[in-house]
Every structure is written in C-alpha cells, then in structure tokens.
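Student: I have a structure open here and would like some practice in reading it. Could you take me through a few features, one at a time?

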Amino acid sequence: MSEKQFKRTLVTSALPYANGPVHIGHLAGVYVPADIYVRYLRLQGKPVLFVGGSDEHGVPVTIRARKEGITTQQVVDRYHNLIKDSFEQFGISFDVYSRTTSAVHHKLASDFFRKLYDDGKFIQQTTEQFYDEETKEFLTDRNIRGECPHCHSQGAYGDQCEKCGRTLSPDELINPYNAVNGNPLTKRATTHWYLPLDQYQQWLEQWILEEHKEWRPNVYGQCKSWLDGGLRPRAVTRDLNWGIPVPVEGAEGKVLYVWFDAPIGYISNTKELCDAQPGKFGKWETWWKDESTRLIHFIGKDNIVFHCIVFPSMLKAEGSYILPDNVPSNEFLNLEGDKISTSRNWAVWLNEYLDDFPGKQDVLRYVLTANAPETKDNDFTWADFQARNNNELVAIYGNFVNRALVLTHKYFEGKVPAQGVLTDYDNATINEFRDIKLRLEQLLDQFRFRDAQKEAMNLARIGNKYLADTEPWKLAKTDMQRTATILNLALQIAANLSIAFEPFLPFSSEKLRNMLNLTNADWNRLGNTDLLAESATVNEPSLLFEKIDDSAIQAQLDRLARIKKENEAAAWQAPQVKAPTCIEEFDKTDIRVGTVLECTKVKKSDKLLQFKIDDGMGGRTILSGIAQSYPDPQELVGKQVLFIANFPPRKMMGIESQGMILSAVNADGKLVVTTVSKPVRNGVQVG
RNA sequence: CGCGGAGUAGAGCAGUGGUAGCUCGUCAGGCUCAUAACCUGAAGGUCGUUGGUUCGAUCCCAGCCUCCGCAACCA
C-alpha cells in the first residue's frame, strides 16, 4: 500500500486483442480480479472508474482479414462486439468498454504522438528493411523466412531458427522470402521514430526499484531485469496501412506501433465516457492528470514490461499525466495441463461457456478466483471446476443458506425470530467473524483475491458448524426460545455472506439478498449481527447453486479431446524418406492383387483380422493387425487389396498367415488398407 | 548457460531461518434440519536435484534439471 492519500481510483484492465473471443486465461489473469477489486471499492463507497476496451490495431487482425477474405474493419467489429457482449453477460462491470478504432482514440493518440514529436522526445532513424515489391509492404521479422546461416535448414524465421535454436536477425538469412506468400524480398530504406527509453533509465530505477518495492515479485523482478540489462530506444511507428497514421509530414504509409497506441486507449476510453456524461463522471483529466488519483493496471505477465516501463516512459515524456501506483500482474492459467492457445483452439471461450452453462457466471468466477495464478502458473481442469461447484459452492455455501431458510420457514413461518439471549457459544461463534470486514479489506487491498474469497467461504463454514453444534432441529421440540436465537444468528450469517461475497459472486449475492428481502449490500455493516430485523419476512428458499453433473463435464472433456486430436492431425508431417534402394532390391518383393472373400476378427486378439483372399492361385489366409482401424471387418469383403505374396508363412494366435496386406498409416495412426483404382484379375503382379 | 517467475501430501494451491499448512479427494465415526448435503477425527510429504552458509535450511547462497513468460494470432 502506498503512503499517499488518494481521493479516487482509476482501474484499467489489459485491452483484449480483437482477433478472437476472450477465454478463461484472460478472465483469470485480468478481468475477474480487476472486477472484484472495482466492485469492492464501489461497495466501500469510494470513487472509482473501471476502464476497458478492445485493442484493434496491429498486424494480426490484417492477416486474419486477408485469410478470411473480409475487411480488417469487419474482423475487429465482429470480435469487439462478441467480447463486449460476453463481458457484459459475465458481469465484468466496466464503466466504459470502447475500442481503439474510435474517433476519440485516433485523435487523442495522434495528438499524444504529435506532442512528443514537437517536444523533441523521439529519435528519428532511417534503416534498410525487407520489402515485398508485389504486396508493397515491409515485413516484420517473424514474417520473413529463409535458409539458416548456421545449420542451413530451410524455413528459419527472421528472428530465430527453430531447427538449431539460434537467435537471428533477418539480414543473416540466406534467400529471404515472405512467409505469407513466398515472394522474394528486396531491401528499402524506411524512417521510423523511436522512444529513447535509455534516457528514462535512471528515473525508472528510482521510481520502480526504490519507490515501488511493494509490487508483486514477478512484476518487480521483471522490471529489475530489464533495467539491469540497460534500456534501448524502442520504435513507436510501423510501416503498415492499418492503424493510426503517424501525424507527421512525409510519414505516409506509416502508423503508430500498436504498443504505442493501445495503452493510450485507456485514456481515450476514459475521455469518451467523461465527455458523454460529465455530470456523472467529471472531467477525464481529473482521472489522468490529478496527483490524487490512484492508477492501477491489471494485466497478465506478458504485459509487464509495457505497463511498467514503456507506457510510464511515454506518460513521463508527455509530462502532464500521473503514473500507475501498482500493476498487479498475474501469471498464466493452463487448461488441462497444456498452455492455453488461441491459434490451437486450446481454450475455454467465454462466449461458449455462457452458452453451455447459462446462469452460472458465478461458478466460473469462483473457480477462477479460487485457483487464480497469483504467484505462479496454475492449471484449470474441468474436474476441479465440477468439484469446486459441487463440494464448495453447493455443499458449503448454498447448503448453509438453504438450511437456515428451510428451518426458519419450518419453525417460524418465514419470519426472522427474536435474537434473545446469547450464550457463550453464540458469542464465540460471532467472534469468529466479527472482524471479517477487516480481514477482507487487508487481503483485497493487497490484491490477494484468492485468500480473500477463501475468507468469505470460511463464513459459510462457520455457519454450517454453528448449526451442527447447536442442533436447532432437536431443540425445536423442547426450547423454541433457544431455537429462535440460533436461527436468528444463522440468518444473520447468511445476510453477512451476501455482503462478503458481493465483489466475488455478484449474481448469487443479489439472489441471496432477494431471498432475505435485503435491498442492498452495506459493506460497512459486514460482521454485524443485526442485518435482519426481528419479524422481517424471508422468502421461500430457492437453490443458490445447483450441482453440475458428470455429463456436462464430460461434454467439455470430449470437446477438448476432439480439439487435441485435430491439432495432432494438423501438426502431422510426412516421415523422412528411407535410405536409397534400387529396382533390383524392390523387385525381390512380390506384390499381388487379391479379392477379400472373408474377413473376420481373430478370437482373443485385439488387433488381428483374418482374411481369406482369392489370389488367383487357389486362395490363401492372411492375418493383418488392423482390427482397431476396422471395427466392422465386413466392409472389407469384396475389396481388391494389395499383399506381399512371397513372405515366409508366420503363425500368429495359432493361425498361419501367408503374406502381408499392405496398409497406409494415416496421420491419426489409423491403418487404411490399400486397394486398386480399377478392377484387375486376381493374382496379377504390382510393380 | 540471455533475463524474469515457478517446482511443497493423490489433485489443486498457501507458507515460513526453529516439530510443514489450506481446499478437494481417500478412510473411520457422528448427525439427519439441509442440494446423499453438514460436523468430528485419521492416514498421506526425505517441501525438484546436488553442494554451501548456519547450532539448525522447505525458506538464504551457488550449480544442475523441468515448466512458463519476455518472443512469433496468447492474459
């Protein structure tokens, strides 16, 4: 925590790239923690603004558009809308969610660049870069391929050879070509502007290494490593036709580098909101230029350098902006043991989740927070998702609420009974959660969302234990006054739960408040036992969470298994050609054609099929280990197949095989029997 | 050997220079108001590996191995 006194908080979450939907990795890394934090601050009544938006510039969207034969604008429109809708449904409570193709952003980013340009904050440099004469474009390192100068393998990338692992520069490649279309490349001079980060080195060292030692170890460590290595000027423009034009004479065909314009999007989106509703949100400058505003960036670990070094340097260069007070960055979330990948479709997509699990936003929010990668990469598994829902949300939280309400209806006609006289045990139980507000605040202020949520869940455990120990269903037979006290306290705990979980599980908290007839969550009363007035009515309980059964989980696992298989097939490459041979060698093998007369599974064998072949020479029996590729052997009957006729007989499972049927091994490992393209006479030779 | 983060019970994760913790799972018992839910107890770990500092290391230091990021459509 900073010592400074702040009057308001501006929270940003990394701008998702408008090149695909949002997945659980994005959510766990950035949007769920940011949303929890923002909801928490709002509950405390603190002024806060939560800013998000789509990042719509850069090369990948243009490549995607070309691949799909639509315009780049159509690509970003599609994904911006999809992402925006998903966030809304999922309850990510942005005050504004805009986009970097907005007019406001183009002007603001352009002005920002121009100010730095006019103030002489950039270095201008002309270099020779590879150019494709046909498509009239300069290429990024990664889109240039050629022969590796070290190991001479083909297809090395402009920045690295994957065969020998060496780092390269495009200039070293032999016969470089365009990775997208294979065109040969020439060199052309091009001019770009650079932000001289080295000039900010000393200032950054003081600002981060001395004044922000409280940043998370992964953030601090990464910054330190960059600073220790010495910063170098970084290009802020690119040769590209998609993006924000460089607002300088003679810079036609150049745009701002996506990493320069994207973080400015935080500012533009704030401006867009404030300009539209000045009465509600005030001036945008208050959020960005007033020292009493606390700026927090929520990001993933791959974004640390840009948010801690590059963007602050830009802001510092401009001169009138505040700097981030903290940059809580998470590590990565894996999916079922493999890293999440958009290109390999290895992800749980938010829009698909919302379709597959309607009304279960809070379940995913809970699981992603309970297993948030706050200190290291963590793993998301569907089994864990199901277990946390069934064993924690349903069994602990939902069940406790249900017990308290059912008992209240059973014994007190749905009215909150009188609290009466508290026993020592009651007071001991109350003491266990009296300071829950303080504990939650301490954890949330330190961005320890996983522990904070655990603290909230602990309250439900306290409630269950309280009911188990006091046994009101027994006392109801003898002592209604005591029963009243117990149920009053149980209901107060339920009311506390609705407040404690509000930042984490907003949908369920609202549902619970509706059951309890509470109008709003008052954070300041968290920990008290007078949230529900005596005689107030509570509604008939409905289930707060429902069990998720195995079939729903299995459907997700099946989907992932299918994707994995598709990926493996797509990654398949033809095996290396064997050592040279010659016609004489080949000629020794006698390959013939024969018709399958019978084809049956060999008993007690997993793999063997027994063939009866008409070989034009009186027939023969051949065994072939392809049963797992042909679950229905009958489909082969009547087909003409190729077989080797001069192998020595060989006994398998007690049956003699007189030859070998030729099969192709498919990419998925399945065997496919070879056949002829026109009918031929049985027994003819192949060669 | 580029740099940073990480490697802890069956699984997922906390944590600290002094007898190793949480949740789930497993096993046993209790309860029966409750969504076969709840409560109590137990078993289960040479804290990646090798060496060093220390009276004492899971923690500090050094080397090594593995995974991830910086770095390619990815938070």
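Tutor: Let's go through a sheet, a helix pair, some aromatic rings and a buried helix. Keep in mind that this is a predicted model.

Student: Fine, let's begin with the sheet. In what order do the four strands run, and what is the sense of the pairing?

Tutor: The general idea is that strands of a sheet pair through backbone hydrogen bonds, either parallel or antiparallel. Here the order is β5-β4-β9-β10, an open sheet with antiparallel pairing. At the edges sit β5 (137-138) and β10, each pairing on one side only.

Student: How many bridges join β4 and β9?

Tutor: Nine, between β4 (residues 123-132) and β9 (residues 186-195). To get your register, find glutamine 125: its bridge partner in β9 is histidine 192. Then move on to β10 (residues 234-235), which pairs with β9 over two bridges, again in the antiparallel sense. There you'll see tyrosine 194 opposite alanine 235, and leucine 195 opposite arginine 234.

Student: Now the helices. At what angle do α7 and α10 pack, and how far apart are their axes?

Tutor: Two packed helices are described by the angle between their axes and the distance between the axes. For α7 (residues 258-276) and α10 (residues 304-318), the angle is about 80° and the axes are 11 Å apart. Angles of 65 to 115 degrees count as roughly perpendicular, so that's how α7 and α10 lie to each other.

Student: Which residues meet there?

Tutor: From α7 come Trp259, Phe260, Pro263, Ile264, Tyr266 and Ile267; they meet Phe306, His307, Phe311, Met314 and Leu315 in α10. Sorted by class, this contact has 10 nonpolar residues, one polar and no charged ones.

Student: I see rings in that list. How many aromatic pairs are there?

Tutor: The count comes to 40. Take phenylalanine 122 with phenylalanine 260: their centres are 6.2 Å apart with 65° between the planes, an edge-to-face pair. Phenylalanine 122 is in the loop between α4 (103-118) and β4, while phenylalanine 260 is in α7, so the pair ties together parts 138 residues apart in sequence. Both phenylalanines, 122 and 260, are buried.

Student: Why is the pair of tyrosine 266 and phenylalanine 311 edge-to-face?

Tutor: Look at the planes: planes over 60 degrees apart count as edge-to-face. The planes of tyrosine 266 and phenylalanine 311 are at 65°, with ring centres 6.3 Å apart, so the pair fits that description. Since tyrosine 266 belongs to α7 and phenylalanine 311 to α10, this pair ties together parts 45 residues apart in sequence. Tyrosine 266 and phenylalanine 311 are both buried.

Student: Which residues do ring pairs link into a cluster?

Tutor: Phe112, Phe113, Tyr117, Phe122, Trp193, Phe260, Trp284, Trp288 and Tyr321.

Student: Is isoleucine 267 buried or exposed?

Tutor: Buried, with a relative accessible area of 0%. This isoleucine is in α7, and its contacts beyond four places in sequence are Leu108, Phe112, Trp284, Trp288, Phe311, Leu315 and Tyr321. Valine 104 is 163 residues away from isoleucine 267 in sequence, yet their C-alpha atoms are 9.8 Å apart.

Student: One last helix: which residues of α19 are buried?

Tutor: In α19 (residues 506-516), they are Pro506, Ser508, Ser509, Leu512, Arg513, Met515 and Leu516. Their cover includes α1 (24-43), α12 (361-370), α13 (382-412) and α18 (480-500). After α19 comes asparagine 517, with a positive phi near 60°.

Terms used: Residues numbered from 1 in each chain as written. Chains lettered and ligands numbered in written order. Predicted model: local features only at pLDDT ≥ 70, side-chain atom pairs only at ≥ 80, totals over all residues. Heavy atoms only, no water. Pairing = 2+ DSSP bridges. Axes fitted to C-alpha atoms, helices over the stretch in contact; angles between N-to-C directions. Parallel < 35°, antiparallel > 145°, perpendicular 65-115°, else oblique. Contact = heavy atoms within 4.5 Å. Nonpolar A, V, L, I, M, F, W, Y, C, P; charged D, E, K, R; others polar. Phe/Tyr/Trp six-rings, centres within 6.5 Å; stacked < 30°, edge-to-face > 60°. Buried < 20%, exposed > 50% of the residue type's maximum accessible area, 1.4 Å probe, protein only.
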